[in-house]
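User: I am new to reading structures. Please take me through this one, and show me how each label is earned.

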Amino acid sequence: MSEIISEITGRRARRGLSEETIDRTVLERIFKAATLSPSCANKQPWRFMVCTADGSIEKAREALLGGNYWATKAPVLVVVMTSDDLDCKSNDNRNYAWFDTGMAVMSLMLQATREGLIAHPMAGFDPAVLREKFDIGDETRIITMIAVAKPGATDHLSEKHLTQENEDQTRRPIGEVFSWENWPGLQ
Ligand SMILES: Cc1cc2nc3c(=O)[nH]c(=O)nc-3n(C[C@H](O)[C@H](O)[C@H](O)COP(=O)(O)O)c2cc1C
């Protein structure tokens with residue numbers, strides 16, 4: 001294969017979301033993809049709470065911070081959680097729960113891209129609201145929320161978000177993040 005996988009190049013954190021319902025079978029497929037991710041000693045530390053328009057989504061929406069106004073249109077909000085005790089730990093403070101859960105989220109997002117969906121991860125939420133509304137204990141680490149939706153209109157987006165919606169991806173040059181044969185130190 002001579003090209004980067006199309007789901008990787010096609011995935012974008014877009015904000016123009018449709019309110020249309022997503023078939024449960026499609027959702028189950030993207031969640032299955034998440035669970036096929038690797039994890040340390042196969043501990044599978046990822047936990048997901050799925051909030052849909054037919055059920056608990058109003059409670060989940062209340063946790064979104066103002067800058068994520070666009071995500072209130074999503075018919076599905078997934079809350080991604082783990083706990084430090086659910087995965088391998090090392091004596092030099094390596095804890096793989098967050099790492100492995102992140103990989104599962106990437107699998108979910110790539111399968112969503114394959115399904116023609118947007119799966120946009122967000123740090124902009126108040127975990128205290130989720131804890132209170134869903135009775136989530138302190139030992140549970142709430143990492144991110146993911147808005148899942150079909151692509152939709154963009155006319156309600158802020159000017160900044162509208163610009164970002166159509167912009168090319170910006171990334172550090174590969175040479176800045178990959179060092180061959182030696183370590184130049186963190187840059
Ligand atoms: C952990 C994480 C948290 C993020 N939080 C937000 C957020 O709260 N609101 C938002 O609009 N985008 C959020 N994003 C999306 C990023 O801004 C986006 O992925 C980045 O700008 C690169 O754009 P791309 O995903 O389209 O390549 C988040 C992404 C990640 C991985």
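User: How many residues surround the ligand, and which are the closest?

Analyst: This is a predicted model. In it, 13 residues surround the ligand. The closest are R12, N68, H120, Q169 and R171. To be counted, a residue needs a heavy atom within 4 Å.

User: What makes the approach of H120 to the ligand a polar contact?

Analyst: The cut-off for a pair of N or O atoms is 3.5 Å. A polar side-chain atom of H120 lies 2.8 Å from a ligand nitrogen, so the pair qualifies. P121 uses a polar backbone atom instead, 3.2 Å from a nitrogen of the ligand. A13 has a backbone N or O atom 2.9 Å from a ligand oxygen. Taken alone, the ligand exposes 620 Å², and the protein buries 61% of that.

User: What kinds of residues make up the shell around the ligand?

Analyst: Five are nonpolar, four are polar and four are charged.

User: Why is N93 called exposed?

Analyst: Exposed means over 50% relative accessible area. N93 has 73%, so N93 counts as exposed. N93 sits in the loop between β2 and α4. Its phi is near 70°, a positive value in a residue other than glycine. Most residues other than glycine have a negative phi.

User: Why does E181 count as exposed?

Analyst: The cut-off is again over 50%. E181 has 75% relative accessibility, so E181 is exposed. E181 is found in the segment after α7. Phi of E181 is also positive, near 70°.

User: Which residues form the nonpolar surface patch?

Analyst: I174, V177, F178 and W180 form it, with about 550 Å² of accessible area together. V177 belongs to helix α7, residues 174–177.

How values were computed
Residues are numbered from 1 along each chain as its sequence is written. This is a predicted model: local features need pLDDT of at least 70, side-chain atom pairs count only at pLDDT 80 or more; totals for chains, interfaces and linings use all residues. Side-chain values use heavy atoms; hydrogens and water are left out. Patches are made of residues with over 30% relative accessible area and no salt bridge: like charges are joined within 9 Å, nonpolar side chains (Val, Leu, Ile, Met, Phe, Trp, Tyr) within 5 Å. Accessible areas come from the Shrake-Rupley method with a 1.4 Å probe; for residues, only the protein chains shown count as cover. A salt bridge is a side-chain nitrogen of Lys or Arg within 4 Å of a carboxyl oxygen of Asp or Glu. Helices (H or I, at least four residues) and strands (E, at least two) are DSSP runs, numbered from the N terminus. A polar contact is a pair of N or O atoms within 3.5 Å; within protein, one must be able to donate a hydrogen and the other to accept it, and residues adjacent in sequence count only if both atoms are side-chain atoms. Ala, Val, Leu, Ile, Met, Phe, Trp, Tyr, Cys and Pro count as nonpolar, Asp, Glu, Lys and Arg as charged, and the others, Gly among them, as polar. Buried means under 20% relative accessible area, exposed over 50%, partly exposed in between (1.4 Å probe, protein chains only).
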